[in-house]
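Got your viewer open? Here is a short tour, one selection at a time.

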Amino acid sequence: MADDSSTSHRRDPIKSSVGNVAAQRRRQNAVTVGKERRESLVRAKRLCRVGATGDGDVPVEENDMITDEAGFLLDTQTSSAVEELKSAVAYQGKGAMQKRVNTLRQLRRLLSKSEFPPVEAALKAGAIPLLVQCLSFGSPDEQLLEAAWCLTNIAAGKPEETKALMPALPLLIAHLGEKSSLPVAEQCAWALGNVAGEGEELRNVLLSQGALPPLARMMLPNKGSTVRTAAWALSNLIKGPDPKAATELIKVDGVLDAILRHLRKVDEELATEVAWVVVYLSALSNFATGVLVKSDVLQLLVERLATSNSLQLLIPVLRSLGNLVAADSHTISTVLVPGHEITDGVIKVLVKCLKSDHRVLKKEASWVLSNIAAGSIEHKQLIYSSEAVPLLLRLLSTAPFDIRKEVAYVLGNLCVAPTAGEGKPNLIEEHLASLVQRGCLSGFIDLVRSADIEAARLGLQFTELVLRGVPNGDGPKLVEQEDGIDAMEIYQFHENEDLRNMANGLVDKYFGEDYGIDE
Amino acid sequence: MAMEITQFLLAAQSADAKVRTEAETNLRQFQEQNMPLFLLSLSVELSNDEKPVESRRLAGIVLKNSLDAKDAIRKEQLVQQWMAIDVSIKSQIKDFLLKTLGSSVPEARHTSAQVIAKIASIEIPRKQWPELIGSLLNNMTQQDKPASLKQATLETLGYVCEEISHQDLVQDEVNAVLTAVVQGMNLADHGPEVRLAATKALYNALEFAQTNFENEMERNYIMKVVCDTAMSTEVEIRQAAFECLVAIASAYYEVLEPYMQTLFQLTSNAVKGDEETVALQAIEFWSSICDEEIELQEFESPESGDSGPPHSCFIEKALSSLIPLLLETLLKQEEDQDQDDTIWNISMAGGTCLGLVARTVGDAIVPLVMPFVESNIVKPDWRCREAATYAFGSILEGPSVEKLSPLVQAGLEFLLNAMKDGNNHVKDTTAWTLSRIFELLHSPANDFSVISPENLKRVLGVLLESIKDAPNVAEKVCGAIYYLAQGYEDAGPSSSLLSPYLTEIISCLIATADRTDGGDSKLRSSAYETLNEVVRCSNIAETSSIIAQLLPVIMNKLGQTMEIQIVSSEDREKQGDLQASLCGVLQVIIQKLSSTDETKPIILQAADQIMLLFLKVFGCRSSTVHEEAMLAIGALAYATGSQFEKYMPEFFQYLEMGLQNFEEYQVCGITVGVVGDICRALDDKVLPYCDGIMGLLLKDLASSELHRSVKPPIFSCFGDIALAIGEHFEKYVPYVLPMMQGAAEICAKMETSDEEMVDYGNQLRRCIFEAYSGILQGFKTVKPEVMVPYAQHLLKFIELVSRDSQRDESVTKAAVAVMGDLADALGSNIKLMLKESAFYDEFLGECLQSDDEQLKETAGWTQGMIQRVMVL
């Protein structure tokens, strides 16, 4: 708005002195330089995959800023770094060792520098044989560490790049041994973890070369970061699908003890990595599961669930618990016996997870509960009378689909008694009547409408229970009120024969010609 | 009931600081205790003709400032505050304001018009003041109303139109408003005061008249009235009418075709024979046409030939008549125009317009101008020689290098000789023309220059001789050296060409800076800025020892400034200016020498002494110095790295001062930047100072006083701090994150029609992302869970930004990067959130397709990070 003095149009004259503009430009330039430095610093932080050791000199900008041509530049620098390494390895004169370490460090920094580490350039220039040479026995720790670190970064690359590490694997495994210094062993474990994470083929190679026992032994001492790294590498190594490695691991002397010991520690990051090991052990190996359920592990898992708020930790812990419950009937029949303190503890932590904001926790907790609810009558009664039911009922109507499905399993299981053989399951009328009365039917009818076959089946099965089992023959009316007939009629000509028969059978049986005549 | 506040308003303007402060406190208390009553009392004061002009003036200003502010956030607060006031009080205030339009005191009428427009800007779009337009129009239609009321009413209408959009009213009202304004310009019905007010109102209402300009009949009518008014007998009214034409040229370029014949005649007559104020507007009309056509040409892309608005080629069509007209103006120099940068006259405006025409039509201008140059440049009358040179200098940007370089090559020797012309103006313009030649036709870095290595010596000889000429000439010579040196920046082997002359150039520039005949500091600052450019662009490998020698010289000079006797505030200002220039030179030297490993030790050795000097400069406490010393300290912190820690205890107080300097917001802004430099230099050693810094930064952000341009960098600065101190940032999270979320929400609501706001919004978005990136990266390895509760909001914000069509590339980069940081730092914590957000695939896809390598790279990294999370 023309603020008071209505200044008429006035533009800068074409003929002006340089002073003002120049000062302005210089100041802008100074500000821009600051911005560029921020950018290069953040980029460096993003891209560098810092090794496990606490090396203080994380390569940040200093003199070499990362610019637009960074990629190309980096490749060139990397090739020449490998060349230098080549001559350093060949050189035998005075200061040879220092020279090798320096060139290795330079290469390692280059490989840590960008989000796209110049792995390809390093491989092309022939880095692997040189690095293998640097790993030879009797080399100084510093050299071993830098070489293993380079390999770690290379292993973090694309699949075929990871495979290039093959010739280095025996030496990396060898340096895991007790004679190596901790930083070296840890760095080697890190590299091997990256390799194992790549896929089944490389896992098998590592297992056949004997990577598992030394890694397992690294879990035994009380050295936080070493254990963490080893646990992480192990969880990659035993991922399967072959359960052999998991079985082998649990058989290693002291491993079970170590797992229990570390799970007791306050360190949540450590517990997280160890819990992932338990996840894979319990998911893959029945033998391992058998060993685990007989230990204190269940108790420890429950305690961690009760006390931690770290999602990172809660996820593997909850999943381990679920695996142990689902995979081994022993868990339910003899450990989680209603009336035992631990059983109440389990229900309590599961309730806590159901209340959490995190979908993953809610889903996994429902899954665990559905397994427990599949147990004995006493188990069902225990859950039925716990705080879980109102939460489950709410989730059934409000949660995302995948959670609703798990919740439906729990609620469904609560309503049927354990059966010996085939045929229609026996009802627990009290549970069914009360749950239906508290409004769970519409949730199940919703599942009937779902495109997910499994969920639809679950919905239909529950509908059948209602039709058959709600006292006073109120079932059909209730189902009709919830638009259940419409929902079932979708299946009239459905391609899935099983569902079609089930739905049509129910409609015919309960809503046939005679239906409604009584009224 | 309104309160009597005249005494306070008068006392608040007292010369006695004590009285003033007390009155201001009283007013503030009243305002805080009862805002509605306070505003009502102000409006009563303003409307009362029996009150002193001074108290009414202040009442008006306070009232206006209670309704509008430059800062968007503050403005929004004021709007909310006004809307919260009881309707009956608001309507009383409005009545008083409308009544004031009829006051016998012109100033009260004027202020009231402004305040009404501010209220209108709030209420009319919300349909809360429907009767305003009617009552204003009523003032105009009644014959018996005094001219002063009509004049004030027209002014109000103009301001209101400027504040609101025509869509806020029904078209009938829009039409009625414009009819009232245009009729006010009618010669037969109104005296000159009303017609002047109407013409000015039309100027303000031009954008508002959009619909009417789309209608040919209405447009014809408006244009006819404006053109008629441009020939009024009163010079002020003619000027106002031409101002309208200038604004129409910018706003309605695409419909001007039918009127161009008439407009050319009108402007041509005005340029040739009207008063200077009118003639200047007539030239401005053509400059504005050039602006429009240059913009059209810049946006014209070969692929989308027909999508943009039409280019009418007005300049090209008028070229043969327009150029002689403009060349004529060049001969109307004033005797001493070169002594004063602020002068704006016909010849300046004409040359400036000529330069724009050259940029518009390119090569076509050359044959029309060169005959004028050639015939005038040898004439005995200095005006002819100066005009010829000016014409030549003006057309150097626009035509092709092929067209220009033979002419320049042929004329260069002539120009070098003309530096010995007997006339000061001619030398001034010649030196300026040389600087234009070096700026535009000397680019060794791109293998092109009108200066061959052979004649560089000759060129420098002339420049270093002429720099001793009169101050105005010397200043232009500095410009020539500036651009000459700039051409050699990053010029590979060519950058060595200047190295042999460097010592001599530097000593000449220092001698020039030391001259005392310059009158003001202009020559000195031009000399120092040129020195800076020479240092900055020099080939460091060859010149490092020279620059190393320059360092103590400049430090010494800076030291001497502390000894200047300060008697008056003028002395203080002089000292401050000089220190500013010298700190500027130090900043450039530090930056240059710390850029290579070989030369960095030079800075490190001198760092203690340099820092001592800067601290002394701060001790002198002049804000301009503050700013330059701050900048230089940023450079020093970068050079010294963690060594800078030892200076922090002494320096911290000045850092605090800088962060609190709301009035001189540039100082505050630069200080914020320096905080970033220091964080990068000190890393976690900055921790002991963080509480203090964070407190001030948060205050800065919350301040409505502080210029908004400083606020986005503050967010980036949070990122810098978090990156430096990592997990220790946790305690600031509860304060900082809500601010970031709030700012993100403001971004979402921001005006998208205002280009400046769009730019600001983009800057703000980028900086918020930078803050998140820094914080996420800072927490990544140690405490990522701290950020989990904020992830959803951030993700939503990224999504919103990804859907914004006006986001610029820097925002895109920052958004992609922060998404990667989020995945990198929080890992599986955000897996579900990511699963539920469908947008990122498409967004990443867009980025991966970009031509910008860096963006592609970042997007690739982010994709990797997200994939890692999804498979966990």
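Which residue of chain A forms a salt bridge with B:E770? Select A:R38: this residue pairs with B:E770, and the closest N and O atoms are 3.3 Å apart. A salt bridge here is a side-chain nitrogen of Lys or Arg within 4 Å of a carboxyl oxygen of Asp or Glu. That rule finds ten of them across the interface of chain B and chain A.

Some ground rules: this is a predicted model, where local features need pLDDT of at least 70 and side-chain atom pairs count only at pLDDT 80 or more, while totals for chains, interfaces and linings use all residues. Residues are numbered from 1 along each chain as its sequence is written, chains are lettered from A in the order in which they are written, and side-chain values use heavy atoms, leaving out hydrogens and water.

Next, select the whole contact (heavy atoms within 4.5 Å): 87 residues come from chain B and 49 residues from chain A. The buried area, meaning accessible area (1.4 Å probe) lost on putting the two parts together, summed over both, is about 6000 Å², with 49% from carbon and sulfur atoms. Now pick B:Y638, B:R680 and B:E857, which lose the most area to chain A on the chain B side, together 12% of what that side buries.

Last stop, the cysteines. With a disulfide defined as two cysteine sulfur atoms within 2.5 Å, the structure holds zero over all chains. Try B:C583: the nearest cysteine sulfur belongs to B:C620, 9.8 Å away. B:C583 counts as buried (under 20% relative accessible area, 1.4 Å probe, protein chains only) because its relative accessibility is 0%. B:C508 is also buried, at 15%.

Note on methods. Buried < 20%, exposed > 50% of the residue type's maximum accessible area, 1.4 Å probe, protein only.
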